[in-house]
Amino acid sequence: MGYLAGEFDVIVIGAGHAGCESALAAARMGCETLLLTINLDMVAFMPCNPSIGGPAKGHVVREIDALGGEMGRNIDKTFIQMRMLNTGKGPAVHALRAQADKFLYQHYMKKTIEETEHLTLRQGMAEELIVEDGRCVGIVTKTGAEYRAKAVVVTTGTYLRGKIIMGELIYESGPNNQQPSVRLAQSLKDNGLELVRFKTGTPPRVHRDTIDFSKTEIQPGDENPKFFSYETEYSDNEQLPCWLTYTSETTHKIINDNLHRAPMFSGVIEGTGPRYCPSIEDKIVRFADKPKHQIFLEPEGRHTSEYYVQGLSTSMPEDVQLDILRSIPGLEKVEMMRNGYAIEYDAVIPTQLWPSLETKAVDGLFTAGQINGTSGYEEAGGQGIIAGINAARKVQGKEPVIIGRSQGYIGVMIDDLVTKGTNDPYRLLTSRAEYRLLLRHDNADLRLTPLGYEIGLISEARYAKFVKKKELVEAEVERLRTLKVKPEEANPILEAAGSAAITQTVDMLSLLRRPEIAYTMLESIAETPDELSEEMKEQVEISVKYAGYIEKQLLQVERLNKMERKLIPDDIVYEEVKGLASEARQKLGQIRPLSIGQASRIGGVTPADISILLVYLEHYNRVTAARGS
Ligand SMILES: Cc1cc2nc3c(=O)[nH]c(=O)nc-3n(C[C@H](O)[C@H](O)[C@H](O)COP(=O)(O)OP(=O)(O)OC[C@H]3O[C@@H](n4cnc5c(N)ncnc54)[C@H](O)[C@@H]3O)c2cc1C
């Protein structure tokens, strides 16, 4: 039945949020790339919330953009609302969040993919991996087409053995009644990968014209929106509001009265759900003392009447869902257009992956996205770009790119996954990062654009612009350090800001360090260079105000990097390391960390084990060196 349908450098299975980034990265790095997906009308589809960004997730989108990825540009073209969250708090938690026109988002991502050189987009269902001598060299599709390649990236999301659950109704399906991906799950298992069963859920969609908005609170976007991509300077997208309402006492009663019909509690659902994105029935049970829960009504797009009911993810039976909806202020007469549901799917246990996202079991096979146990478009995109970069570098015979925990949330996420694993769908939070002040929304380019340029994903023109911006910011900080200001010049401004007057001439920097003084307040006496954009001024302000904290974190990073530079030979036999605790021996043998730094983050490996390992490595390196000389 099979026939050779094509030969490529890289094959990416699945055009979801991970797959699109993987395929674009590999093709833009010059690899002939095939992007194979079940349904071309579902490219970059958002099966759940029509939004991109928020705390930690927004940071990842900035990082994808700084590396040369697509998600940031795509959402800047298609947003229907943009808001910077947490502006009342420190810059580490400032996070951009956009409401997307999910249909336009798909349209533009597909268009970008279709217009990218070296990239072939094809509809088809991958069913089998071709593995020869431990190396993945291609795939076979449902139609018997055989595609050969030097590296394969699997990004199948929530489709692997997908099963939809809605009350008593259970059926095999991917999201939105798409075909599930069943045989590929078996092929992954046949090639030595262990799978785990996870679950996630989505809320109903309702018709705009049946909502009584007068009973809700408007949630508008920012007047002067910021953007995700460093390339976006302007947008005339008209913004649409979201609306806030709450569950009522009746809502809670309906749910409590029907818990016996809730698959979550009747044991029908096997998969583990996301801790930080619970269903409404889960919230009502877990937070029984809470009188009401927030519900956001979010438009799914500019040219549709569908509204997403955020906060009401559920797998209750259809009739109960309707009762729940109509018990909420503003939704009393609502028409439900799509039911909420839960979906169970297979994921790969991520400790089976190297930090490059290549599988340990099969050479040349990479996985990215929800299949690695995460939840979220942004988490998927962040892994997708790294897997695509590393599949291309594998083909090009180059070392893999690994983002450090101090370089980006992408690094934090991947390191957490491959070093610690996850027991439920992993969602990124700012609290997962040790160096939050270094991993900010504003400085993703400083952290990652040089790397994006080095690997060929950032153009010369963009890099030159980045270097110029960096130089201007650094020069401005230096200028303010040497610029003297007299009391008579500064005090009117300080007074207006409720800041203590100065009695003698000081440098401008010392004024800017004051929490109540913003850069914009000093512009009248600082003669700001015209070239300095608002974004650059913000960076000047942050780097001056937080200089002390940043320095402290950089010292911590230096200590971390020392441990990361202590590499562990890949042929180490942990059974031979005397004194290691048996749990540590087992975990080290299973995860095979690349460095002492990574080893120290494995659950169950104690500081005592690390000391023993360090002594062993010293001896090992001495012996190896003696043998080499
Ligand atoms: C019902 C539901 C609720 C969700 N709720 C949330 C939530 O509340 N919060 C949150 O953060 N995230 C949620 N998500 C998750 C979010 O959708 C995913 O995290 C994100 O889409 C993952 O991106 P991905 O690229 O890994 O996979 P996906 O976006 O799922 O894309 C996978 C792609 O692979 C293709 N594919 C699969 N198998 C094959 C095959 N064998 N051959 C070829 N192509 C294949 C599919 O057609 C699809 O295009 C939810 C998802 C669903 C389905």
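Visitor: What makes the approach of histidine 17 to an oxygen atom of the ligand a polar contact?

Guide: A polar backbone atom of histidine 17 is 2.9 Å from an oxygen atom of the ligand, and a polar contact is a pair of N or O atoms within 3.5 Å (within protein, one must be able to donate a hydrogen and the other to accept it, and residues adjacent in sequence count only if both atoms are side-chain atoms), so the pair qualifies. This is a predicted model, in which local features need pLDDT of at least 70 and side-chain atom pairs count only at pLDDT 80 or more, while totals for chains, interfaces and linings use all residues. Residues are numbered from 1 along each chain as its sequence is written, and side-chain values use heavy atoms, with hydrogens and water left out.

Visitor: Which backbone atom lies 3.2 Å from a nitrogen atom of the ligand?

Guide: That atom is a backbone N or O of glycine 201, and a polar backbone atom of isoleucine 38 is 3.3 Å from a nitrogen atom of the ligand.

Visitor: Why is glutamate 70 called buried?

Guide: Its relative accessibility is 2%, and buried means under 20% relative accessible area, with exposed over 50% and partly exposed in between (1.4 Å probe, protein chains only), so glutamate 70 counts as buried.

Visitor: What does the side chain of glutamate 70 make a polar contact with?

Guide: The partner is the side chain of arginine 28, at 2.7 Å. Glutamate 70 itself is found in the loop between α2 (57–67) and α3 (71–78).

Key: Helices (H or I, at least four residues) and strands (E, at least two) are DSSP runs, numbered from the N terminus.
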